[in-house]
Each structure stands twice: as C-alpha cells, then as structure tokens.
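Q: Could you take a close look at the salt bridges here and at the parts of the chain they join, in full sentences that a first-year student can follow?

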Amino acid sequence: MLPRPIQNLIDEFSKLPSVGPRQAARFVFYLINQPKEEIEKFAKKLFILKKIKYCHFCNRTMETDHEKTILCSICKNKDRNRTMVCIVEKDTDIESIEKTKRYDGLYYVIGTEDENKQLARLKDLISRIKKSNKELKEIIIATDATTEGETIALYAARQLAELNKIYPELKITRLGRGLSTGSELEYMDEDTLTNALLGRK
Ligand SMILES: [Zn+2]
C-alpha cells in the first residue's frame, strides 16, 4: 500500500482529462523525486489558479484580484470590431486565431467539457445578443474539424438560427473547410487557419 498522501495525489491527478491511474502515479513519483524548491514552485503555480476568473462576456480565462465579474483584455478593447463574434471551443483557439492577425472581432468560448454546459453557454450568448448587440453582423462558428467540433458547430448553427428572426441581416458562418478532417485549431499552422478564416461561409 502506498502512503496516504501519495495515494491522495495520485487520485487527484487521475481526475485530469485523459490521465489514468498509472500515468497519474508516474506524475506523482516524478514530483517526489524533484528538489524541494521545484515542488514548491509547482504548488505555488497551482495555488495561483484560484485567482483565475472567467470574462463576463466571452468566458475566456484571465488572472485578476477583482472579486466582481469583469471583462478580459479583448472584450474591453474599444478598437475591436463589435459587429463580429467568433465562437470557439477553448481559450487556446483564441490564441491561434489572434496569431493570424486576420480577425479583430470578439470571441465567445463555449468550452469542451460537457454538452449541457456548451448548450447553456450558447443560450446565454443568444439571450445576451437579443438584449444588447444591435450592431452584430456576423457570428463565426470556429470549432475544430473533429467529430466533436462538427457536432457542436451544427448544433450551434441550429440554435443561432433563431437570431435571424430578429436580425435578418445577421450572417452565421463557419470556417472554410480547406481544413483536413480531424484538425484542431490549436495545432493548425497560421497559413491554414488564415485560409480557413478568409474562406468562411
Ligand atoms: Zn472577454
């Protein structure tokens, strides 16, 4: 039997996505063999996650000491094009799209974890658009070209269609499918992603 603290940590690591108990044990024993300072640094970095909050508009993560919900640097930026919202699955997709420098609108992160949460976030977006964003011209659905991404995209398109009743001019587009099947935004090179953005329809 392993000492309790070790087993406890293995159990924690096992909760991470795609990590099984054996891999979790490898992580823990790797950490045990690190110098004390390294373990301390690691623990501090974990602890600081408590300071991470979600942007009130786009759900993107950000570091803040504020207790109240606030906006992230993109949503706050007055120079961003507020007529466009790009729906992505995760924060890292925003990083990828930002790198192309071909998009200056807003984003909306729907997450990847669970379908109900994604649905809730989509509904939240729709109700907020209904209430406030009269200038919206385009919503780009930029999900991965994977089975999961495709499912979310179809789903989002169906949900968003109701906005057309209020905004007949509103375009709902998807990334151009020059993307090979199975590609995830975060692993795409800038040229491919730029083409996908430019080729959206
Ligand atoms: Zn934001």
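A: A good place to begin is arginine 80, which counts as buried because its relative accessibility is 12%, under the 20% limit that is used for that word. The model is a predicted one, and in this model the side chain of arginine 80 meets that of glutamate 98 in a salt bridge, with 2.8 Å from N to O. Arginine 80 belongs to the loop between helix H4 (73–76) and S3, while glutamate 98 belongs to helix H5 (residues 91–100), so the salt bridge ties together parts that lie 18 residues apart in sequence. Glutamate 98 counts as partly exposed, because its relative accessibility is 27%. As a general point, side chains of opposite charge can pair when their charged atoms come close.

A second pair is formed by glutamate 162 and lysine 130, whose side chains meet in a salt bridge at 2.9 Å, again taken from N to O. This pair links distant parts of the chain, since glutamate 162 sits in the loop between H7 and helix H8 (163–166) and lysine 130 sits in helix H6, 32 residues apart. Glutamate 162 has a relative accessibility of 29% and therefore counts as partly exposed; lysine 130, at 34%, counts as partly exposed too.

A third pair leads to the sheet, for the side chains of arginine 200 and glutamate 138 meet in a salt bridge of 2.5 Å, N to O. Arginine 200 lies in the segment after helix H9 (190–198), whereas glutamate 138 lies in strand S5, so this salt bridge ties together parts that are 62 residues apart in sequence. Arginine 200 counts as partly exposed because its relative accessibility is 26%, but glutamate 138 is buried, with a relative accessible area of 6%. Beyond these pairs, salt bridges that share partners join Lys90, Asp93 and Asp144 into one network, and the count of salt bridges comes to 9.

The sheet that holds glutamate 138 can now be described. It is an open sheet of 4 strands in the order S4-S3-S5-S6, with parallel pairing. Its edge strands, each of which pairs on one side only, are strand S4 (105–109) and strand S6 (171–174), and the twist averages 25° from one strand to the next. Strand S5 (residues 138–141) pairs with S6 in the parallel sense over 4 bridges, and glutamate 138 stands opposite lysine 171 in S6.

Helices lie against these strands. Helix H6 (residues 115–131), the helix of lysine 130, lies across strand S3 (81–88), S4 and S5, and runs at about 145° to S4. Helix H7 (residues 147–160) also packs on the sheet, where it touches S3, S5 and S6, and its direction makes about 160° with that of S5.

Finally, helix H5, which carries glutamate 98, meets helix H9, and the axes of H5 and H9 come within 9 Å and cross at roughly 85°. The two helices are therefore roughly perpendicular to each other, a term that covers angles of 65 to 115 degrees. On the H5 side the contact is made by Ser96, Ile97, Lys99 and Thr100, and on the H9 side by Glu190, Leu193, Thr194 and Leu197. Sorted by class, the contact of H5 with H9 has 3 nonpolar, 3 polar and 2 charged residues.

Definitions and conventions: Residues are numbered from 1 along each chain as its sequence is written. This is a predicted model: local features need pLDDT of at least 70, side-chain atom pairs count only at pLDDT 80 or more; totals for chains, interfaces and linings use all residues. Side-chain values use heavy atoms; hydrogens and water are left out. Two strands pair if DSSP finds at least two bridges between them. Axes are lines fitted to C-alpha atoms, for helices over the stretch in contact, and angles run from 0 to 180 degrees between N-to-C directions. Contact means heavy atoms within 4.5 Å. A salt bridge is a side-chain nitrogen of Lys or Arg within 4 Å of a carboxyl oxygen of Asp or Glu. Buried means under 20% relative accessible area, exposed over 50%, partly exposed in between (1.4 Å probe, protein chains only). Angles under 35 degrees count as roughly parallel, over 145 as roughly antiparallel, 65 to 115 as roughly perpendicular and the rest as oblique. Ala, Val, Leu, Ile, Met, Phe, Trp, Tyr, Cys and Pro count as nonpolar, Asp, Glu, Lys and Arg as charged, and the others, Gly among them, as polar.
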